[in-house]
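Student: Could you take me through the aromatic residues of this model closely, and then through what surrounds them? I would like one connected account.

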Amino acid sequence: MGGLRCLDGSALAVVPVAARDRRGLAYEVTLELRRDGDLFGRVGERCGYFLGDLAGRLAVARADDSPQALAWPDPDDRFPDPADERWISGPGTGCEPELFAFRYRDRGDLVGTGELRCSVRTSAAWVGPHRSPDGRWRLARRAVVEAWGAGGRGVRAVLTAGQLAEFLADLLAEADRLGRTVGHN
């Protein structure tokens, strides 16, 4: 199970639940969101393959020989390139690039049954003496994971690329334990 500590101090558990075929065999996963142990929402019908693909692209981006390494020396600032067509949104779309966005499970669900999304945001901090030309800007990129529950309340967690990779690895390991090797076929 993937677990996140949110900025408000709450714990968000992202629990894969097996999607089963007519014979009862697991073939994919849906995600159940639990905030401090209570059901918060259900999202991402059959999203395991997508999460597995993202984990692979994130590992490539974090490698020292990746194209991202030239622009981002710290591996915790390296995320997949937004020019990759597998991003949900990217440069020129007027919004933060999203790595994933999962909403209610399927067409039959009410829209308010939950949402989980992850975007990459860049922040800048001045390093050096205050109001002095002897400093420089330190840019950092972070994954912002936001979840909304069925009641309309939201929580947010901010992760480095390494923390996002750990979160995805935990989530995919739990999905594999359910009997389906997602994203590895």
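**Charged pairs, aromatic pairs and the core**

Tutor: At 46% relative accessibility, D8 counts as partly exposed, and this residue is a convenient way into the predicted model, since its side chain meets that of R35 in a salt bridge with an N to O distance of 2.7 Å. The pair links distant parts of the chain, D8 being in the loop between β1 (2-5) and β2 (11-20) and R35 in strand β3 (residues 26-35), 27 residues apart. R35, with a relative accessible area of 16%, is buried.

The wider setting is a protein of 3 helices and 8 strands, whose elements run β-β-β-β-α-α-β-β-β-β-α from the N terminus on. Of its 185 residues, 42% count as buried, and among contacts between residues at least 6 apart in sequence, 47% join residues at least 24 apart.

Turning to the aromatic residues, a search of the whole structure finds 3 aromatic pairs. In one of them, the rings of F100 and F102 have their centres 5.1 Å apart and their planes at 15 degrees, and because stacking is assigned to planes under 30 degrees apart, this pair is stacked. Both partners are buried, F100 with a relative accessible area of 1% and F102 with 9%. W126 and W137, by contrast, form an edge-to-face pair, at 5.2 Å centre to centre and with 75 degrees between the planes. W126 lies in strand β6 (residues 115-127) and W137 in strand β7 (residues 136-148), so this pair ties together parts that are 11 residues apart in sequence. W126 is partly exposed, with a relative accessible area of 34%, while W137, at 54%, is exposed. Together with L139, these two tryptophans make a nonpolar surface patch of about 330 Å².

The buried phenylalanines belong to a wider grouping, as ring pairs link F50, F100 and F102 into a cluster. Both F100 and F102 are also among the contacts of L116, which, leaving aside its neighbours within four places in sequence, include L12, V14, L31 and L33 as well as V145, E146 and A147. L116 is in turn one of the residues that touch the most other members of the largest nonpolar core, which has 31 residues; the others named with it are L12, L31, L51 and L164. Helix α3 (residues 161-177) gives the most to this core, with 6 residues. As a general matter, nonpolar side chains in soluble globular proteins tend to be buried together.

Charged side chains complete the picture, with a count of 18 salt bridges. The side chains of R34 and E32 meet in one of them, at 2.9 Å from N to O; here R34 is partly exposed at 28% relative accessibility, whereas E32 is buried at 12%. Salt bridges that share partners also join E98, R103, E115, R117, R121, E146 and R156 into one network, and E146 has already appeared among the contacts of L116. D21 and R23 form a further bridge, at 3.3 Å from N to O, in which D21 is partly exposed at 26% relative accessibility and R23 is exposed with a relative accessible area of 67%. The protein as a whole exposes about 10,200 Å², of which carbon and sulfur atoms supply 51%.

Terms used. Residues numbered from 1 in each chain as written. Predicted model: local features only at pLDDT ≥ 70, side-chain atom pairs only at ≥ 80, totals over all residues. Heavy atoms only, no water. Phe/Tyr/Trp six-rings, centres within 6.5 Å; stacked < 30°, edge-to-face > 60°. Buried < 20%, exposed > 50% of the residue type's maximum accessible area, 1.4 Å probe, protein only. Helix = DSSP H or I, 4+ residues; strand = E, 2+ residues; numbered from the N terminus. Core = buried A, V, L, I, M, F, W, Y, C linked by side-chain atoms within 4.5 Å. Contact = heavy atoms within 4.5 Å. Patch = residues over 30% accessible without salt bridge, like charges linked within 9 Å, V, L, I, M, F, W, Y side chains within 5 Å. Areas by Shrake-Rupley, 256 points an atom, 1.4 Å probe, with all protein chains shown as cover. Salt bridge = Lys/Arg side-chain N within 4 Å of Asp/Glu carboxyl O.
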